[in-house]
Amino acid sequence: GSGKSTLAFDLLFAEGQRRFLDSMNVYARQFVEQLSRPDVDLIAGIPPTVSIEQRNSRGGGKSTVATVTEIYHFIRLLFARLGIQYCPDCQVPVQAQTRDELGRRLQTELKERGQLRLLAPVVKNRKGFHTDVAEWAADHGFPEVRADGRIYSAQEGLRLDRFREHDVEIVTGILERTSRRSGRHARPDRTGPQDLVDQTLKLGNGLLYALDAAGQVSVHSTERSCPGCGRSFAPLDPKNFSYNSPQGWCPKCRGFGELFYLPDVERGARAGVIEESWFEWQEGNRELCPECRGARLNPVARAARLVLGDLRKSLSIDAFSAMPVETAFGLFQRLRVKGRSAIIGRDILPELRERLRFLCEVGLGYLQLGRGVPTLSGGEGQRIRLAAQLGSNLSGVLYI
């Protein structure tokens, strides 16, 4: 009540922004709301200003300390580029297998799942029409392609939403229980089930998907297979560690870490916004997700391990989320990397250290990186926004 906010926002911020806008031309100023001149005699030497509002910013249900400050984006990159995939069931690192071993695995699945349509992934999480994929498939004798889970005729072409990310696979053929290929998909220059497997692996760069009549898809890889149970895994991608992507989120809680009532209706393109609204409305009626225990990610993502430099053990992404900011800062400060890790981490590690340092400097070193933003106090939320702004490395700016 002594006028602190008035001095900060109505005088210093307003005058700094007004002077900055006055330096622009008339055309640019028409798009920005002009602030009135404060009722003061003189404010000297003030640079352009940015205000961190004095309000409780609840953030989304999937927002955490690490995501708001963009620390989590860099951690996801490290896991995708340097992480080691472990089998979530056997807890052992995956390893390469031969094409023959993979073929035998498919023969076993044939007996359990029935005929399998083999798919060679050629587009993964890429925007565009992808018309060329269907054209190539048709020219090379493959009658079908699969895009975003739907089968299309290669002859009829493919024209997807240009501004959405898509997954596209070429249907190479069908494995029958009789171990013969379906004539409907057969290529005249290939015979036998192992030839079909080899051809699919060649098109998919060592990776193939097997789709059964129930719509279930299994992954098979010559590079990433569990030596214990034989399960295969696709290459790690940053989206495997994202709460906002179906590739990464826990299927039970869809990345919220908590369960809450959500009407079972078609939510369409605005599903994310609708789910966030219900998450907020159900405050007090939410419970910890029993499958991920609040970790928000699926078992495959949680099983990956990151081994960097002189770290003494493998660390999971759960371990990073549970770390207090000051612990993570100390870890990355001491970390020394060599070889391939040094090349990949050259730009990532300095960004991580800088953002962690800012969080410590504004007094938030005690917060866990995975702490949900809706659970923070008003002062903590304000300091997190300040740390995120400082991480942009702007110079000559006054933060109010």
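In this tour, two residues touch, or are in contact, when heavy atoms of theirs lie within 4.5 Å of each other. Keep that in mind as you click around, and remember that the model on your screen is a predicted one.

**Stop 1: the whole protein**

Start zoomed out, with everything shown as a cartoon. You're looking at 400 residues, and 42% of them count as buried. The secondary structure adds up to 14 helices and 12 strands. Turn the model around: along its principal axes, the C-alpha trace spans about 90 × 50 × 45 Å.

Now switch on the surface. The accessible surface comes to about 21600 Å², and carbon and sulfur atoms own 48% of that. Colour by charge and you'll have 56 positive and 47 negative side chains to find, with the centres of the two sets 4 Å apart. How much of the contact set joins residues 24 or more positions apart? Among contacts with a separation of 6 or more, the share is 69%.

**Stop 2: Gln282 and its neighbours**

Select Gln282 and show its side chain. You'll find Gln282 in the loop between α8 and β10. Is Gln282 buried or exposed? Its relative accessible area is 14%, so it counts as buried. Leaving aside residues up to four places away in sequence, Gln282 touches Phe260 and Tyr261, so add those two to your selection and look at the group together.

**Stop 3: a salt bridge across the chain**

Stay with that loop and select Arg286, then Glu258. Their side chains meet in a salt bridge, with N to O at 3.2 Å. This pair links distant parts of the chain: Arg286 is in the loop between α8 (271-281) and β10 (287-288), while Glu258 is in strand β9 (residues 258-259), 28 residues apart. Glu258 is partly exposed, at a relative accessible area of 26%.

**Stop 4: salt bridges inside helices**

A search of the whole structure turns up 18 salt bridges. Here are two more to click on.

Go to Arg357 and Glu361, whose side chains form a salt bridge of 2.6 Å, N to O. Both residues sit in helix α13 (residues 348-361), 4 residues apart, or about one turn of the helix. Arg357 counts as partly exposed, with 27% relative accessibility, whereas Glu361 is exposed at 54%.

There is also a network to select: Glu15, Arg18, Arg19 and Asp22 are joined into one by salt bridges that share partners. Within this group, pick out Arg19 and Glu15, which meet in a salt bridge at 2.6 Å, N to O. How far along helix α1 are these two from each other? They are 4 residues apart in helix α1 (residues 4-22), so about one helical turn separates them. Compare how each is covered: Arg19 is partly exposed, at 31%, but Glu15 is buried, with a relative accessible area of 3%.

**Stop 5: a nonpolar patch**

Turn the surface back on and select Tyr27, Phe31 and Val32. Together they make a nonpolar surface patch of about 360 Å². Tyr27 belongs to helix α2 (residues 26-29), and it is exposed, with a relative accessible area of 59%.

**Stop 6: two backbone oddities**

Time to look at the backbone. Most residues other than glycine have a negative phi. Select Gln91 for a case that goes the other way: its phi is near 55°, a positive value. Gln91 is in the loop between β2 (83-84) and α5 (99-113) and is partly exposed, at 40%.

His130 is another one, with a positive phi near 60°. Look for His130 in the loop between β3 (116-127) and α6 (131-139). This residue is buried, with a relative accessible area of 8%.

**Stop 7: Val168**

Finish with Val168, in strand β6 (residues 165-175). How exposed is Val168? Its relative accessible area is 0%, so it counts as buried. Show its contacts and you'll meet plenty of names, including Val122, Val133, Leu158 and Leu160. His130 from the previous stop is one of the residues that Val168 touches, too.

For a last click, set a distance from Val168 to Ile43, C-alpha to C-alpha. The two are 60 Å apart in space and 125 residues apart in sequence.

Methods. Residues are numbered from 1 along each chain as its sequence is written. This is a predicted model: local features need pLDDT of at least 70, side-chain atom pairs count only at pLDDT 80 or more; totals for chains, interfaces and linings use all residues. Side-chain values use heavy atoms; hydrogens and water are left out. Patches are made of residues with over 30% relative accessible area and no salt bridge: like charges are joined within 9 Å, nonpolar side chains (Val, Leu, Ile, Met, Phe, Trp, Tyr) within 5 Å. Accessible areas come from the Shrake-Rupley method with a 1.4 Å probe; for residues, only the protein chains shown count as cover. A salt bridge is a side-chain nitrogen of Lys or Arg within 4 Å of a carboxyl oxygen of Asp or Glu. Buried means under 20% relative accessible area, exposed over 50%, partly exposed in between (1.4 Å probe, protein chains only). Lys and Arg count as positive and Asp and Glu as negative; His and the chain ends are not counted. The place of a charge is taken as NZ of Lys, CZ of Arg, CG of Asp or CD of Glu.
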